[in-house]
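New to this one? Here's a quick tour, to be read with the model open beside you.

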Amino acid sequence: MLSKGIQKYLLKGDNHLSPFCILVLCVLFFAACESKKDKIGAAYNGPFEIVNDLVVKYSEQGKMKVYVKTPKSLTYQNETRVFPDSVNISFYDSLGTVVTTLRSDSGRYDRNADVYIVKGHVRVVKFETHQILNTTELSWSPGTRKVFTDKALTIKNTQSPEVTNAVGMDAEQDFSRIKLRKMTGTVISKGI
């Protein structure tokens, strides 16, 4: 059996340790619950759909009008699509012939505005008029079938030395008609 001194110490300690132990256990319990709460509340903000080698075709009355191709598409919760790699678009005339091509570094589709926006080095080639349009951003609305930008742009005719600079543009989706908002000048280049 235990000596009387040890029993007295244990009994005395028991009176002082019990409330202290209960307090420590409560603090540990609440601290453990708090850390679990923080971990559970974290929301995922990344894409919920990833598509590789995406092709989108727009047709009217059974005839191809627009053909969009990009290596990757990311779709988010708000239904916005992001195209982080190059975007290549071909526009067709009523006979099914490609009349204009567009290439950009990246793009996105905003479902709320129903607008495709391409960015980076945007290059539009019009085959019929031998024109090349360069800008940093273009928007295309499938609903209105219009292409537009507020950014600076340059239009070069490949068969003449003429280069037109402007800020802002509105055009038909196949670029058959282009209206420049603010022309900043026309330059006759000497050629390289």
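Two residues are in contact when they have heavy atoms within 4.5 Å of each other. Keep in mind that this is a predicted model. With that settled, we'll start at Phe175, move through the core, drop in on Thr149 and finish with how some of the strands pair up.

**Phe175 and the nonpolar core**

- Leaving out neighbours within four places in sequence, Phe175 is in contact with Phe91, Thr100, Leu102, Val124, Lys126, Leu138, Val147 and Met169.
- The largest nonpolar core has 24 residues, and Phe175 is one of those touching the most other members, along with Ile89, Leu102, Leu138 and Met169.
- Seven strands each give this core at least two residues: E1 (49-60), E2 (63-75), E4 (87-92), E7 (115-126), E8 (131-141), E9 and E10 (162-172).
- The largest share, four residues, comes from E7.
- As background, nonpolar side chains in soluble globular proteins tend to be buried together.

**A closer look at Thr149**

- You'll find Thr149 in strand E9, which covers residues 146-157.
- Is Thr149 buried or exposed? Its relative accessibility is 4%, so Thr149 counts as buried, the cut-off being under 20%.
- A polar atom of the Thr149 side chain lies 2.6 Å from the backbone oxygen of Glu137.
- The side chain of Thr149 also reaches the backbone nitrogen of Lys151, at 3.1 Å.
- Setting aside residues up to four places away in sequence, Thr149 touches Thr135, Glu137, Leu138, Gly168, Met169 and Arg181.
- Two names there may ring a bell: Leu138 and Met169 are also among the contacts of Phe175.

**How E2 pairs with other strands**

- E1 and E2 run antiparallel and are joined by eleven bridges; Lys57 has Tyr67 in E2 as its bridge partner.
- Just two residues separate E1 and E2 in their hairpin, and Gln61 in the turn has a positive phi of about 50°.
- E2 also pairs with E4, again in the antiparallel sense, over four bridges.
- Tyr67 turns up here too, with Ser90 in E4 as its bridge partner.
- Strand E3 (residues 81-83) is joined to E2 by two bridges, and these strands run antiparallel.
- Across that pairing, Leu74 stands opposite Val82 in E3.
- E2 and E3 make a hairpin with five residues between them, where Glu79 in the turn has a positive phi of about 70°.

Technical notes
Residues numbered from 1 in each chain as written. Predicted model: local features only at pLDDT ≥ 70, side-chain atom pairs only at ≥ 80, totals over all residues. Heavy atoms only, no water. Buried < 20%, exposed > 50% of the residue type's maximum accessible area, 1.4 Å probe, protein only. Polar contact = N/O pair within 3.5 Å; in protein donor to acceptor, adjacent residues only side chain to side chain. Core = buried A, V, L, I, M, F, W, Y, C linked by side-chain atoms within 4.5 Å. Pairing = 2+ DSSP bridges.
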